[in-house]
Amino acid sequence: MEHGAATFAQGLIAAWTLVAVAFFALGILVYVAIRSRTRRVDLEKAVQAFRSLDIEAFRNLVDSAEEAFLRNNLSPKKFREIKRQRAWAAFLYAWEAGRAATALAKIGQAAQRSSDPKIAASGVQVAESAFRLRLQTVRACPHLLTEVLLPDLESRSLPPLVDQYERAAETLFRLGRFSSIERRSCNP
């Protein structure tokens with residue numbers, strides 16, 4: 001009887017922790033939505049932010065094989081400490097990728113209004129790719145925060161986010177930086 005109550009209590013604590021993480025993530029999403037409507041987009045800063053993200057470092061932070069290696073070669077206490085640090089760093093990478101994707105989506109939307117059909121078509125591609133990347137970051141951030149709070153849970157890798165980032169970067173760099181778009185068209 002006592003063992004069942006302890007198991008129930010642990011399950012209840014885990015459930016409330018996940019609810020708290022969900023509310024925290026929802027708060028972050030609301031904050032980002034409100035802030036992104038009021039910020040102006042600087043084309044050069046957006047491209048620079050996108051390029052500055054080290055995707056290989058991010059890939060290493062979310063690699064499940066790397067996590068398994070650390071789990072097998074570190075003490076449980078040290079593993080939890082390292083896992084929290086790695087999950088937090090991955091969260092920050094995902095957050096910055098999301099911010100860059102939001103800025104690039106706005107740039108793509110501005111390019112869509114161009115009178116040049118090639119620039120308008122490129123704008124559609126950049127906006128769509130940036131939007132998909134933003135969705136992936138929105139999905140990844142709560143997962144990574146859960147790993148920060150509950151490092152003993154076995155995590156799964158986030159290849160869709162990494163792959164989408166690489167596709168967005170490829171689209172952006174293949175199509176150019178829309179140098180013919182006036183800066184004022186990038187401002188809401």
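Biologist: In this predicted model, as what does E96 count in terms of relative accessibility?

Modeller: The relative accessibility of E96 is 32%. Buried would require a value under 20%, and exposed a value over 50%. Because 32% falls between these limits, E96 counts as partly exposed.

Biologist: With which residue does the side chain of E96 meet in a salt bridge?

Modeller: The partner lies in helix α5, as E96 does, and because three residues separate the two, they are about one helical turn apart. This partner has a relative accessibility of 35% and therefore counts as partly exposed. The N to O distance in the salt bridge is 3.2 Å, and the residue that E96 meets is R99.

Biologist: Which residues are joined into one network by salt bridges that share partners?

Modeller: By the rule applied, the protein has six salt bridges. One of them links E67 to R71, with 3.0 Å between the closest N and O atoms; both residues lie in helix α4 (residues 64–73), four residues apart, or about one turn of the helix. Through shared partners, the network consists of E67, R71 and K83.

Biologist: Is E67 buried or exposed?

Modeller: R71, with a relative accessible area of 29%, is partly exposed. For E67 the relative accessible area is 8%. Because that value is under the 20% limit, E67 is buried.

Biologist: Which residue forms a salt bridge with E81?

Modeller: E81 and its partner both lie in helix α5, three residues apart, which is about one turn of the helix. E81 is partly exposed at a relative accessible area of 36%, and the partner is partly exposed at 36%. The closest N and O atoms are 3.5 Å apart, and the partner is K78.

Biologist: Which element gives the most to the lining of the second largest cavity?

Modeller: Four cavities of 30 Å³ or more are counted, and the second largest has a volume of about 100 Å³. Its lining includes A25, F91, W95, R134 and C141. The elements that contribute two or more residues to this lining are α1, α5 (76–112) and α6. With five residues, the element that gives the most is α6.

Biologist: Is T146 buried or exposed?

Modeller: T146 lies in helix α6 (residues 117–149). Leaving aside residues up to four places away in sequence, T146 touches L18, V21 and L153. Because its relative accessibility of 16% is under 20%, T146 counts as buried.

Biologist: What is the relative accessible area of I34?

Modeller: I34 is found in helix α1 (residues 2–38). Together with F8, L12, W16, V19, F23, L26, L29 and V30, it forms a nonpolar surface patch with about 940 Å² of accessible area. I34 is exposed, and its relative accessible area is 55%.

Biologist: What percentage of the contacts with a separation of 6 or more comes from residues 24 or more positions apart?

Modeller: The protein has seven helices and zero strands, so that its elements run α-α-α-α-α-α-α from the N terminus on. Of its 188 residues, 37% are buried. The accessible surface comes to about 11,500 Å², 59% of it belonging to carbon and sulfur atoms. Among contacts with a separation of 6 or more, residues 24 or more positions apart account for 82%.

Definitions and conventions:
Residues are numbered from 1 along each chain as its sequence is written. This is a predicted model: local features need pLDDT of at least 70, side-chain atom pairs count only at pLDDT 80 or more; totals for chains, interfaces and linings use all residues. Side-chain values use heavy atoms; hydrogens and water are left out. Patches are made of residues with over 30% relative accessible area and no salt bridge: like charges are joined within 9 Å, nonpolar side chains (Val, Leu, Ile, Met, Phe, Trp, Tyr) within 5 Å. Accessible areas come from the Shrake-Rupley method with a 1.4 Å probe; for residues, only the protein chains shown count as cover. A salt bridge is a side-chain nitrogen of Lys or Arg within 4 Å of a carboxyl oxygen of Asp or Glu. Buried means under 20% relative accessible area, exposed over 50%, partly exposed in between (1.4 Å probe, protein chains only). Contact means heavy atoms within 4.5 Å. On a 1 Å grid over the protein atoms alone, a cavity is a set of points where a 1.4 Å probe fits but cannot get out, and a pocket is an open set with protein on both sides within 12 Å along at least five of seven lines; lining residues have an atom within 4 Å of a point. Grid points are joined across faces, edges and corners, and a volume is the space filled by probe spheres set on the points.
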